[in-house]
Amino acid sequence: MVMSAATKHSVLVVDDEPQVLDSIYDLFRREFKVFRASSASEAKSVLGNERIHIVMSDQRMPDVTGVELLREIRQEYPDTVRLIFTAYADLHVVVQAINEGQVFRYIEKGSGPEELRSVIRQAADYYDLRADRKRLISELQQANEDLRKASALKSAFLDVASHELNTPVAIILGMSELAREQLDAPGSEPFRGFVNVVHSGAKRLEHLVGNMLTLLQANSFDSGVKRESTHARTLLEAVHAQVAPFLAKRHQTLRITVDPDDLRLCVDRGKIHDVICNLVMNAIKFSPDGSTVDVAARRPSDRITRMEVNDEGSGISEHDLPHVFEPFFSTFDTMHHSSGSFEYGKRGLGMGLPIAKKFVEMHGGTLHATNRQPRGSSFIVEIPDPVET
Ligand SMILES: Nc1ncnc2c1ncn2[C@@H]1O[C@H](COP(=O)(O)OP(=O)(O)OP(=O)(O)O)[C@@H](O)[C@H]1O
Ligand SMILES: [Mg+2]
C-alpha cells in the first residue's frame with residue numbers, strides 16, 4: 001500500500017551522538033515520523049513499541065556496530081528498510097552487509113541534508129514497493145485458492161445437480177406420458193386436464209434444468225468443442241424441424257437461405273444447433289403471429305462463416321441491448337413471464353442467449369445483437385474456420 005501524505009513513514013535513527021539525533025530529527029520531522037535511539041537497546045525497545053518502516057543506524061557505536069544491529073533487526077523485523085551511516089574507513093564492512101541484504105544503502109558521514117533526504121525518500125519508496133508486491137502476491141494466492149475451491153465445488157455440484165434434478169424430471173415426464181396413453185379409456189375424462197398440466201409443467205422444468213446445467217457446464221474449465229464437417233443446410237433444416245410445432249402455433253414462417261447452397265462448416269454440431277435453436281425460439285417468442293423469421297448462412301470472407309437470425313418482432317430497447325447476453329437477464333415481468341413458452345413476448349429465465357454466446361465463443365467466434373429498421377432484431381453469429389494443425 002503506497003502511503004498517503006497523511007500516513008507518514010516512520011523512521012528510527014540510532015546514533016550515540018545526541019546532536020546527530022537532534023539534527024536529523026529537526027530535518028525530517030515534517031516529512032517523516034522520526035524516532036530517536038542512542039543505543040542498540042533503546043532502538044530495540046522503540047521497534048517493540050512502534051511500527052517502524054525505516055531504520056538508520058550509525059556504524060560506530062560503543063556496544064555494537066551498526067551492521068550487527070541491523071542484522072539482528074532484519075531477523076526480527078524483515079519488512080524494515082535498513083540504512084547505515086558510515087565513515088570512509090568502514091566501507092568494506094558496509095559493502096559486505098549491503099551485498100548480504102542486511103542493509104539497503106549506506107550514507108556517508110557528513111552528507112548534506114539534500115543527499116540525506118533523497119536516500120530516505122528512496123528507502124520509503126522501496127518500502128512501499130515491497131509492501132505493494134507482498135500485498136499483490138497474497139491477493140493473487142488468495143484469488144487462486146478461491147478459484148480452485150469454487151471450481152472443485154462447481155464440478156461436485158454439477159455431478160449431484162445433474163443427477164438429482166434430471167432424475168425426478170425424467171420420472172414425472174415419463175409417467176405423465178404413460179398416463180396420457182391411458183386417457184382414451186372410458187371414464188378417464190376428469191384426469192385428462194390434470195395429466196396434461198403435469199406433463200406441460202414437467203416439460204418446462206426439463207427445459208429449465210437442461211439450460212441451467214448447460215450454462216454451468218459451459219463455464220467449467222474442462223468443457224470443449226468437438227468439431228466435425230457439416231452441411232449448413234442440414235444443420236438449419238434440423239433446427240427448422242425442431243421448432244416447426246411452435247411456428248405452426250404462431251402461424252409464422254421460417255425462411256432459410258444458404259449461400260453457396262453446399263456451404264459446409266466445421267463446428268460442434270450439437271452446440272451450434274443449440275445456438276441457432278435458441279436464437280430462432282427467441283425470434284418466434286418476440287415476434288407477432290404471422291411474421292417471418294429469416295435464418296441465413298453465408299461466407300462473408302475467406303475464413304469466416306456468418307449465420308444470421310432476423311425477425312420482424314419487438315426489437316430490443318437501447319437500454320437492454322448491452323445486457324441481453326448476461327446470464328439471467330430477462331426484463332422480468334410476471335405478466336409476460338413463463339419459462340419455456342413460445343407465446344408472444346413470453347420471457348424465460350434469460351439463459352438462452354448466454355448459453356448461445358458461450359457456445360459460439362468456444363469456437364473462437366462472436367455473437368452480436370442489433371435492431372433492424374423499421375422493426376425487429378438481428379442476431380449475428382460469426383465463426384472462424386478452425387486453424388489447421
Ligand atoms: N429476438 C428477440 N427480440 C426481442 N427481444 C429479445 C430477442 N431475443 C432475446 N430478447 C430479449 O433478451 C432476453 C434474454 O433472452 P434469453 O434467450 O437469454 O432469455 P429468455 O428467452 O427470456 O429465456 P430462456 O431462453 O432462458 O428460456 C429476453 O428475455 C428478451 O427480453
Ligand atoms: Mg431464449
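How do the residues of the shell around ligand 1 divide into nonpolar, polar and charged? The legends below refer to a predicted model, and the opening view addresses this point.

**View 1. Composition of the shell around ligand 1.** Ten nonpolar, ten polar and three charged residues make up the shell. In total, 23 residues surround ligand 1. The closest of them are N282, K285, D311, G348 and M351.

**View 2. Polar contacts of ligand 1 with H207, G350 and M351.** A polar side-chain atom of H207 is placed 3.2 Å from an oxygen atom of ligand 1. For G350, a backbone N or O atom lies 3.2 Å from an oxygen atom of the ligand. M351 contributes through its backbone, with a polar atom 2.8 Å from an oxygen atom of ligand 1. The ligand taken alone exposes 600 Å², of which the protein buries 97%. Three elements give two or more residues each to the shell: helix α8 (269-285), helix α9 (352-362) and strand β12 (377-384).

**View 3. The largest cavity and its lining.** One cavity of 30 Å³ or more is counted in the model. The volume of the largest cavity is about 30 Å³. Its lining consists of R227, L265, C266, V267, T305, I383, P384, D385 and P386. Two elements, β8 (264-267) and β12, each supply two or more residues to this lining. The largest share, three residues, belongs to β8. By residue class, the lining of the largest cavity comprises six nonpolar residues, one polar residue and two charged residues. Strand β12 thus appears in two views, since it is listed both for the shell around ligand 1 and for the lining of the largest cavity.

**View 4. The stacked aromatic pair of F104 and Y126.** Four aromatic pairs are found in a search of the whole structure. One of them, formed by F104 and Y126, is stacked, with 4.5 Å from centre to centre and 15 degrees between the planes. The assignment as stacked follows because the planes are under 30 degrees apart. F104 belongs to the loop between α4 (91-99) and β5 (105-108), whereas Y126 is part of helix α5 (residues 113-181). The pair links distant parts of the chain, its members being 22 residues apart.

**View 5. Two cis peptide bonds that lead into proline, at P260 and at P374.** Most peptide bonds are trans. The bond from D259 to P260, however, is cis, with omega near 0 degrees. P260 is located in the loop between β7 (253-259) and β8. The bond from Q373 to P374 is likewise cis, and its omega is also near 0 degrees. P374 is located in the loop between β11 (366-371) and β12.

**View 6. The backbone at H251, with positive phi.** Most residues other than glycine have a negative phi. At H251, which is not a glycine, phi is positive, at a value near 55 degrees. H251 occupies a position in the loop between α7 (232-250) and β7.

Methods:
Residues are numbered from 1 along each chain as its sequence is written. Chains are lettered from A and ligands numbered from 1 in the order in which they are written. This is a predicted model: local features need pLDDT of at least 70, side-chain atom pairs count only at pLDDT 80 or more; totals for chains, interfaces and linings use all residues. Side-chain values use heavy atoms; hydrogens and water are left out. A residue is near a molecule or strand if one of its heavy atoms lies within 4 Å of it. A polar contact is a pair of N or O atoms within 3.5 Å; within protein, one must be able to donate a hydrogen and the other to accept it, and residues adjacent in sequence count only if both atoms are side-chain atoms. Accessible areas come from the Shrake-Rupley method with a 1.4 Å probe; for residues, only the protein chains shown count as cover. Helices (H or I, at least four residues) and strands (E, at least two) are DSSP runs, numbered from the N terminus. Ala, Val, Leu, Ile, Met, Phe, Trp, Tyr, Cys and Pro count as nonpolar, Asp, Glu, Lys and Arg as charged, and the others, Gly among them, as polar. On a 1 Å grid over the protein atoms alone, a cavity is a set of points where a 1.4 Å probe fits but cannot get out, and a pocket is an open set with protein on both sides within 12 Å along at least five of seven lines; lining residues have an atom within 4 Å of a point. Grid points are joined across faces, edges and corners, and a volume is the space filled by probe spheres set on the points. Rings of Phe, Tyr and Trp (its six-membered ring) pair if their centres lie within 6.5 Å; planes under 30 degrees apart count as stacked, over 60 as edge-to-face and the rest as tilted.
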